[in-house]
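Colleague: I would like a close look at a single part of this protein, namely how some of its helices pack against one another. Please set that part in the context of the whole chain, and take your time over it.

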Amino acid sequence: MSFFKNLGHIHANVSATIEKVAGGTVKELKGLFDSDHRHDDPEEKARDAARTKILEAHRFKSFSTERDGNICKWHVDGHDFMWALSELIDSAKEQICIMDWWLSPELYLRRPPALHPQWRLDRLLEKKAKQGVKVNVIVYKEVTQTMTMSSKHTKDALEDLHPNVACMRHPDHIGSKDSIQFWSHHEVVIVDYHYASIGGLDLCFGRWDTHSHPLADAHVTEHDRTLFPGQDYNNARVLDFQKVERYVSNQLSTLETGRMPWHDVHMTIVGPTVLDIAQHFIERWNEVKKRKYAELERYTWLALPHNLAAAPNEAISSHPDLEVWQQRGVKYKERENQFFISNTKTGAAVVNQIAGALVERILRAAKDGQKFKVIVVIPEVPAFAGDIKDASALQIILGAQWRTINRGGDSIMEKIREAGYNPYVNPDMYSSPIHDVHREDYIRWYHLRAYDRINGPYHTFIKEMEEKTGITFHQAQVALARKWIGKIDESWVQEDVAIKAPLPTKDGLVEEGNASKIEPVKYPETEEEADQILAKFEAAASRKDDDVSDSVGHHAMQDTTALHDERWLGDEAEERECYITELLYIHSKLLIVDDLRVIMGSANLNDRSQKGDGDSEIALVVEDQDMINSRMNGKPYKAARFAATLRRALFKEHLGLIKPQHCEPETKDIVTSYMTPVPHPHKDTTMSKEDSLVADPLSDDFDQLWNGTAHKNTQIFSEIFKYVPSNNVRSWKQYENYVPKVKAGHVGHADMPVSEIKDKLNKVQGHLIEGAVDFLVEEKEIVEGVRWSSYDPTLPIYI
């Protein structure tokens, strides 16, 4: 009978599945052929009209108006922002709202994790929920066939913490009448409707980083110094995240592959604008509830928090949903960019006209004889795994960027030259100390790149420890990751962790498929077993490792020692093998104009973010009334404190004009002004020597410093690592001949003496390098052809 009973269950499940799929298909077809179905009845049209009236009354047709009396504080890189955010969340008394593209519950907001276990995001939210704080979270629901961040794990892990935590996933994709192929791309946190944060930093793996941007995190004899536990040690150019719900499963070998460092900016805010940010969250929350969670009590309606009695003439008073939500809801007291895709003409594949606006402004300056500069800092390549030569997604995005910059007939540089002007001068001049900067130097592109040395003397040290203990380094690596989990319930299932160690590759850039050897590592079942493995492995060390640094990339900053001072206790071949480089990924979405205005948020410079019908985004325009004395083009100038100090901070980091940011047990009690949220101000450095070097972005001295540093760094990285993309590689034939056949990111010359490597890298200052705008410039098919001349339905996915 049980057999037939099971058959009945199977039949019922299959029937339900068919009905669901068929029903979903019908819904999706209805949505496809009636895309205006949410705006076609009288009531919906009235609501749309009310919203339109509100928007038209605001600058830029924004959803909110301009507001004075705010305090905004910028934070550069994850180390500083996430510490500040941990303070804000910990201060919550009633409500925490989080809207994120990807959220990793197991993310450590303070590091090293061994010293800050209570500051893991899920543990902090659980603590606040138990205190009675309501935690509402909206995360992007990914397309599971192509993306690996597992919003299901996020939702399950958060809601298992406490009934006061509710997490929505949105949007649905397949089988929905409102099928959406684009992203919900906000990175917003609101605390008690009093504090907020906006910027580029997701609360997920791979985002936390220091200003020094280390690539290495191998600690052979002191594993508790680890900064990037488990999946947080990632290099998306090598291998995308895998099975993130099993967050101990770091599949990269920390002995052989460097992580991809992450540069980003964020801000914390207190003041009237926080209510507008809260409005944005509440509108999305209530809309998602209406579509997906209307009958579920866990997801309560939220009321707008504005005090209309105090401001009866506010635009919010005519909000079409105000009364309903008030009745239903619970009320609680420079340019840096990830992408650079735009156009200078209309009627083309790329729609947004930001590039056209830049050309128009540059030509106006050229005709007026005005000194004018645009500095664009973008990643070398998108953070996708794959060989540039074979990966179509990489080629499409790079092709779109090159068509924006200097190729395809309508690019920024081509339009400037077409008008009779030179967009920029030859970078070779910056290797000369002579200040001979031509006025025609209007726009340039730059990238960021870092170097490091992995503390991994395998044959002379680690192998001996393995032989003594019967424990491999990778077993110790997995045991360490197991410690981060803490106590787990019986539902936790973890198979062996497959560690991928790199082999020399045909392209030297990525490793995939047969380019990696896989070592399965057994997963310790308990914390006690993990502790025993680590203790046994570390006790087998035949010497102390204190004299060898676990990371050396900080010497690109203003360190008190030099790279030559770094000791190595293995042989020279091992040390050469341990020097690595990697692109420093730029994820910020930032524009700074004239040291007066800042746009910061989640929106990229591409059609997905800029057209208005793609990815949903949010950004803030900050115009400061706190002015400071500065200089512009050699003359006295009044600059806005927020804009000027942010630009100076970024430029100092990129040029290596700040001290290294160490995050170690010895520094765990040091909290700087940059790590605290609003309303605590930054330390005033506007009169420092380093600030004076970058204060005037139009001066010849700054121009020489900025471009000279980028040129020198580019030459050094090219000589040692022969990395791509590079302006030395203009065709696929040159690509094949240029790229070394070595492990990804390693030294490109097997016979280069370590002393020479140190000599050269010791001259690297910061992370700034020249933009590889001529990379593959002779390969016309990347930027020309039918894809760009006619409508390609796949293009909107990438650009």
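Modeller: The model is a predicted one, and I will start with the cysteines before turning to the helices. Cys-97 has a relative accessibility of 0%, which is under the 20% cut-off, and therefore counts as buried. Cys-167 is likewise buried, because its relative accessible area is 0%. A disulfide is a covalent bond between the sulfur atoms of two cysteines, and the structure holds 0 of them.

As for the whole, the protein has 799 residues, of which 57% are buried, and its secondary structure comprises 22 helices and 21 strands. The area that the protein exposes comes to about 33700 Å², and 52% of that is supplied by carbon and sulfur atoms.

The part you asked about is centred here on helix α18, which spans residues 700-721 and which I will describe through two of its packing partners. One of them is α16, residues 641-655, whose axis lies 10 Å from that of α18, with an angle of about 45° between the two helices. Because that angle falls in neither the parallel, the antiparallel nor the perpendicular range, α16 and α18 are classed as oblique to each other, and their crossing is left-handed. On the α16 side the contact is made by Phe-651, His-654 and Leu-655, while α18 contributes Phe-702, Leu-705, Trp-706 and Thr-709.

The other partner is α20, residues 754-761, whose axis comes within 10 Å of the axis of α18 and crosses at roughly 160°. Since this angle is over 145 degrees, α18 is roughly antiparallel to α20. Here, too, the crossing is left-handed. The residues of α18 that make this contact are Ile-716, Phe-717, Glu-719, Ile-720 and Phe-721, and they meet Ile-757, Lys-760 and Leu-761 of α20.

For a contrast with the buried cysteines, consider Ala-57, which sits in the loop between α2 (42-56) and β1 (71-76). With a relative accessibility of 61%, which is over the 50% cut-off, Ala-57 counts as exposed. Between Ala-57 and Ala-315 there is a separation of 258 residues in sequence, yet their C-alpha atoms are 8.5 Å apart in space.

To return to your request, α18 is thus oblique to α16 and roughly antiparallel to α20. The contact with α16 involves Trp-706 of α18, among others, and the contact with α20 includes Phe-717 of α18.

How values were computed
Residues are numbered from 1 along each chain as its sequence is written. This is a predicted model: local features need pLDDT of at least 70, side-chain atom pairs count only at pLDDT 80 or more; totals for chains, interfaces and linings use all residues. Side-chain values use heavy atoms; hydrogens and water are left out. A disulfide is a pair of cysteine sulfur atoms within 2.5 Å. Buried means under 20% relative accessible area, exposed over 50%, partly exposed in between (1.4 Å probe, protein chains only). Helices (H or I, at least four residues) and strands (E, at least two) are DSSP runs, numbered from the N terminus. Accessible areas come from the Shrake-Rupley method with a 1.4 Å probe; for residues, only the protein chains shown count as cover. Axes are lines fitted to C-alpha atoms, for helices over the stretch in contact, and angles run from 0 to 180 degrees between N-to-C directions. Angles under 35 degrees count as roughly parallel, over 145 as roughly antiparallel, 65 to 115 as roughly perpendicular and the rest as oblique. A crossing is left-handed if the near helix is turned anticlockwise from the far one by less than a right angle, and right-handed if clockwise. Contact means heavy atoms within 4.5 Å.
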